[in-house]
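Visitor: Hi! I'm new to reading protein structures. Could you walk me through one, feature by feature?

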Amino acid sequence: MWSEKSPGSGKLNDADSLLNTVRTLLSLRHAKEDLQADAEFEALYAERRKLPFVYRRGGLILALNPSAERVSAPVAVTGKEKKVLFSIGNGVMSNKEIALEPQSFVVWK
C-alpha cells in the first residue's frame, strides 16, 4: 500500500518529477479543447525517418524531437507570435522554421 512515506513519495512536491509532468500534461489536455480526441489534426512536418514531428491541433502547434540531436523543420507559421503553453526541453519557432533541442516536446498557442 502506498503512503506518504513510500519510496518516491518525495516527488509529490518536485515540480520536475515525472508524476508532476504527467499531471501538468493531463491538466493541459483537459483545459484545451484543441487537445481533445475530436480536434482537427494537420501534420505540418512528418517526413519519413526525419525529425522533428510537427503538427497542428486546432489553434495549437506541437513539435516532438525524441532524438539525441538538435533538429529543425522548415515550417512557416504566420500570424501572431506564438506563446509556449508547455515544454519539455527547449524549442524555438520563427516564421520560417521550428528548431528543437534533443529530447524535447513543445506546445505553442
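Visitor: Let me start with one residue: is Phe-41 buried, partly exposed or exposed?

Guide: Keep in mind that this is a predicted model. The number to look at is the relative accessible area, and values under 20% count as buried while those over 50% count as exposed. Phe-41 has 48%, so it is partly exposed.

Visitor: And Tyr-55, is that one buried or exposed?

Guide: Tyr-55 is buried, with a relative accessible area of 16%. For the whole protein, 29% of the 109 residues count as buried.

Visitor: Okay, let me zoom out. How many helices and strands does the protein have?

Guide: There is one helix, and there are eight strands. Going along the sequence, you read the pattern α-β-β-β-β-β-β-β-β.

Visitor: Which strands pair up with strand 2?

Guide: To read a pairing, look for the bridges and the direction of the strands. Strand 1 and strand 2 are antiparallel and share four bridges. In that pairing, Tyr-45 sits opposite Val-54 of strand 2. Strand 2 also pairs with strand 3 (residues 60-65), again in the antiparallel sense, this time over five bridges. There you can find Phe-53 opposite Leu-64, and Val-54 has Ala-63 as its bridge partner in strand 3.

Visitor: How many residues lie between the strands in the hairpin of strand 2 and strand 3?

Guide: Two residues. Look for Gly-58 in this hairpin: its phi is positive, near 60°.

Visitor: Why is strand 3 described as largely enclosed?

Guide: Count its buried residues: five of the six are buried, so strand 3 is largely enclosed by the rest of the structure. Strand 3 also runs antiparallel to strand 8, and five bridges join the two. One place to see this is Leu-62, which stands opposite Val-107 in strand 8.

Visitor: What is the strand order in the open sheet of three strands?

Guide: The order is 4-7-6, and the pairing is antiparallel. Strand 4 (71-73) and strand 6 (91-93) are at the edges with a single partner strand each, so one side of each has no neighbour in the sheet. From one strand to the next, the twist averages 10°. If you follow strand 6 and strand 7 (residues 98-100), you will see an antiparallel pairing with three bridges. In that pairing, Gly-91 is opposite Leu-100.

Visitor: Now the rings. How do I read an aromatic pair?

Guide: You describe a pair of aromatic rings by how far apart the centres are and by the angle of the planes. In this structure, a search finds three aromatic pairs. Take Phe-41 and Tyr-55: their centres are 5.4 Å apart, the planes are at 35°, and the pair is tilted. Phe-41 is in strand 1 (residues 41-45) and Tyr-55 is in strand 2, so the pair ties together parts 14 residues apart in sequence.

Another pair joins Phe-86 and Phe-105, with centres 6.2 Å apart and planes at 55°, so this pair is tilted. Phe-86 belongs to strand 5 (residues 84-88) and Phe-105 to strand 8, so parts that are 19 residues apart in sequence are tied together. Phe-86 counts as buried at 9% relative accessibility, and Phe-105 counts as buried at 16%.

Visitor: Which residues form one aromatic cluster?

Guide: Phe-41, Phe-53 and Tyr-55.

Visitor: Last topic: pockets. How do people find empty space in a model?

Guide: The idea is to roll a probe the size of a water molecule over the atoms, which shows where empty space is left. Here, the largest pocket has a volume of about 160 Å³.

Visitor: Which elements each supply at least two residues of the lining of the largest pocket?

Guide: Helix 1 (18-31), strand 2 (53-57) and strand 8 (104-108) do. Helix 1 gives the largest share, four residues. Among the lining residues are Leu-25, Arg-29, Arg-57, Leu-62 and Val-107. Tyr-55 and Phe-105, which you met in the ring pairs, are part of the lining too.

Visitor: How does the lining of the largest pocket divide into nonpolar, polar and charged residues?

Guide: Eight are nonpolar, two are charged, and none is polar.

Key
Residues numbered from 1 in each chain as written. Predicted model: local features only at pLDDT ≥ 70, side-chain atom pairs only at ≥ 80, totals over all residues. Heavy atoms only, no water. Pairing = 2+ DSSP bridges. Axes fitted to C-alpha atoms, helices over the stretch in contact; angles between N-to-C directions. 1 Å grid on protein atoms, 1.4 Å probe; cavity = no way out; pocket = protein on both sides within 12 Å on 5 of 7 lines; lining within 4 Å. Points joined across faces, edges and corners; volume = space filled by probe spheres on them. Nonpolar A, V, L, I, M, F, W, Y, C, P; charged D, E, K, R; others polar. Phe/Tyr/Trp six-rings, centres within 6.5 Å; stacked < 30°, edge-to-face > 60°. Buried < 20%, exposed > 50% of the residue type's maximum accessible area, 1.4 Å probe, protein only.
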